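Here is a quick tour for anyone meeting this structure for the first time. Have the sequence and the 3D view open, and follow along from heading to heading.

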Amino acid sequence: MKKAARANWTPNFSMERGQFRELRLEEASSISSATETRGSIALPASMKITRILGFRVLVPLKGTYPSYTMSGGRTADEFDSTIVCVQTNSGIEGWGEVIPLGASYLPAYPEGARAGIREIAPALIGADPTQLGKINYKMDAALCGHPYTKSALDIACWDILGKHTGLPVSTLLGGQFGNRIRLYRAIPIAPPEDMAGWVRDLKSQGFVDFQAKVGSDPVGDIERIKAVIDAMGPGGSVYADANGGWTMSQAAQVVRAVRDLDLFIEQPCQSYEACLSVRRRFDNPFLLDESVDSLAVLQRAIGDRAMDAISLKVSRLGGLTNSRLLRDVCAQNGIMMRIEDTACTDIGAAAVCHLAHSTPEHMRLAASLANSRLSFHTATGAPEVSDGCAWPSDKPGLGIEPIRSALGEPIFSCE
Ligand SMILES: [Mg+2]
């Protein structure tokens with residue numbers, strides 16, 4: 001398919017609308033707001049995106065356990081974050097973030113996120129960032145599919161809308177339910193005694209909900225699940241998350257062995273159809289994660305009664321706009337939700353927290369925020385984590401202020 005003018009990435013390329021060039025920090029523009037007149041009424045001039053900056057930040061993890069490990073030997077001990085700054089002619093700028101969590105978790109990878117943003121950015125120059133529906137149509141027209149590449153840009157535009165209106169993003173997404181977000185912690189797949197020890201350590205920090213990573217040998221996984229539940233004690237929730245690592249027969253073996261325990265079975269097999277097959281054989285609560293990546297799949301899963309709960313990951317769905325849509329559909333259909341993202345630093349954590357905060361409390365399960373596990377921060381004002389909960393911001397927009405020294409030099413600029 002032939003496309004209109006394609007962005008050029010040559011450094012110091014001649015400046016035209018929608019073209020990229022390398023950024024010089026000292027070139028920060030000072031653009032004042034303006035008004036336009038319709039008849040005799042002076043209205044604020046429509047806001048326009050004037051420049052999009054991209055940053056890459058590698059953030060090592062710290063905390064109770066050394067690395068984040070799931071089925072198939074997939075491990076992460078640092079986050080490869082892509083952060084965008086969307087600047088406007090009003091002087092307001094918005095921030096967003098995407099971290100695909102390596103290249104083997106979802107059909108997404110960090111360099112893909114950056115390539116997608118470079119592809120989309122020229123189409124957004126001159127667009128009004130406060131018109132989120134139009135922004136998303138423009139992004140879909142510029143790049144078919146690849147929703148995760150649109151997430152950071154969408155989040156940044158919500159940040160701008162919030163700052164423009166003086167409202168926190170949670171208000172724009174529906175309002176605040178409660179004053180805190182209960183969190184869970186993922187326990188990496190490891191020998192059962194190690195997993196039980198990490199649970200006890202995290203309990204002492206106030207966490208009561210845990211996700212036990214499984215999806216390896218069924219006999220070992222049964223022991224892992226029982227060890228985590230024993231260490232957790234009463235009062236919390238456990239998700240046995242295979243991350244698609246079991247075959248249908250392996251999943252059946254494990255689910256049959258734990259059917260009398262109080263826990264969710266999470267994404268037992270890779271495909272939606274295999275998960276559904278296992279689901280139909282047992283009555284344990286089921287949670288789907290990786291395999292629900294669009295409204296179309298969610299609608300099918302609701303029709304199939306394929307799950308009791310779902311993990312809504314903001315970037316997998318393409319940002320806050322799409323996540324809000326799926327959130328509201330789930331709420332209307334009685335499906336409990338874990339609101340989270342594939343990974344996040346402080347900027348992404350703020351976006352997750354606003355979406356969770358605007359989700360009715362009786363519909364949301366514990367959420368996951370990784371920003372308290374980072375070796376350094378990328379922004380101030382992000383949700384504080386204490387006593388197993390996150391405390392949302394009530395400041396306009398996302399309520400965060402990026403720490404520019406932590407972001408380094410931008411790796412691209414489009415204007
Ligand atoms: Mg999961």
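## A three-stranded sheet

In this predicted model, three strands line up as an open sheet in the order β9-β19-β18, with antiparallel pairing. So who sits on the outside? β9 (181-182) and β18 (384-386) are the edge strands, and each has a single partner, so one side of each has no neighbour in the sheet.

Take a look at where β9 meets strand β19 (residues 389-391): two bridges hold this antiparallel pair. Across from R182 you'll find C389 in β19. In general, strands of a sheet pair through backbone hydrogen bonds, parallel or antiparallel.

## A histidine tucked away

Now find H357, which belongs to helix α11 (residues 346-357). Is H357 buried or exposed? Its relative accessibility is 7%, and buried means under 20%, so H357 counts as buried.

Which residues does H357 touch, leaving out those up to four places away in sequence? The list is S170, G175, Q176, F177, G178, N179, I181, R364 and P392.

## Strand, helix, strand

Next up is a right-handed β-α-β unit, built from β15, α10 and β16. Strand β15 (residues 309-313) and β16 run parallel, joined by five bridges. One pairing to look for is S311 with its bridge partner R338 in β16.

How enclosed is strand β16 (residues 336-340)? Four of its five residues are buried, so the rest of the structure largely encloses this strand.

## Two helices side by side

The helix of that unit, α10 (residues 320-332), also has a helix for company: its axis and that of α9 (residues 295-304) come within 11 Å and cross at roughly 10°. Angles under 35 degrees count as roughly parallel, and α9 and α10 are therefore roughly parallel to each other.

Which residues make the contact? From α9 come L295, L298 and I302, and they meet L325, L326, V329 and C330 of α10. The residues of this contact split into seven nonpolar, no polar and no charged.

## A mostly covered helix

Last stop: helix α8 (residues 272-279), where six of the eight residues are buried, leaving the helix mostly covered. Those buried residues are Y272, A274, C275, L276, V278 and R279.

What do the buried residues of α8 pack against? Their partners are α7 (248-257), β14 (286-288) and α9. You've met α9 already, as the helix whose axis comes within 11 Å of that of α10.

Key
Residues are numbered from 1 along each chain as its sequence is written. This is a predicted model: local features need pLDDT of at least 70, side-chain atom pairs count only at pLDDT 80 or more; totals for chains, interfaces and linings use all residues. Side-chain values use heavy atoms; hydrogens and water are left out. Axes are lines fitted to C-alpha atoms, for helices over the stretch in contact, and angles run from 0 to 180 degrees between N-to-C directions. Angles under 35 degrees count as roughly parallel, over 145 as roughly antiparallel, 65 to 115 as roughly perpendicular and the rest as oblique. Contact means heavy atoms within 4.5 Å. Ala, Val, Leu, Ile, Met, Phe, Trp, Tyr, Cys and Pro count as nonpolar, Asp, Glu, Lys and Arg as charged, and the others, Gly among them, as polar. Two strands pair if DSSP finds at least two bridges between them. Buried means under 20% relative accessible area, exposed over 50%, partly exposed in between (1.4 Å probe, protein chains only). A crossover is right-handed if, with the strands pointing away from the viewer, the path from the first strand over the helix to the second runs clockwise.
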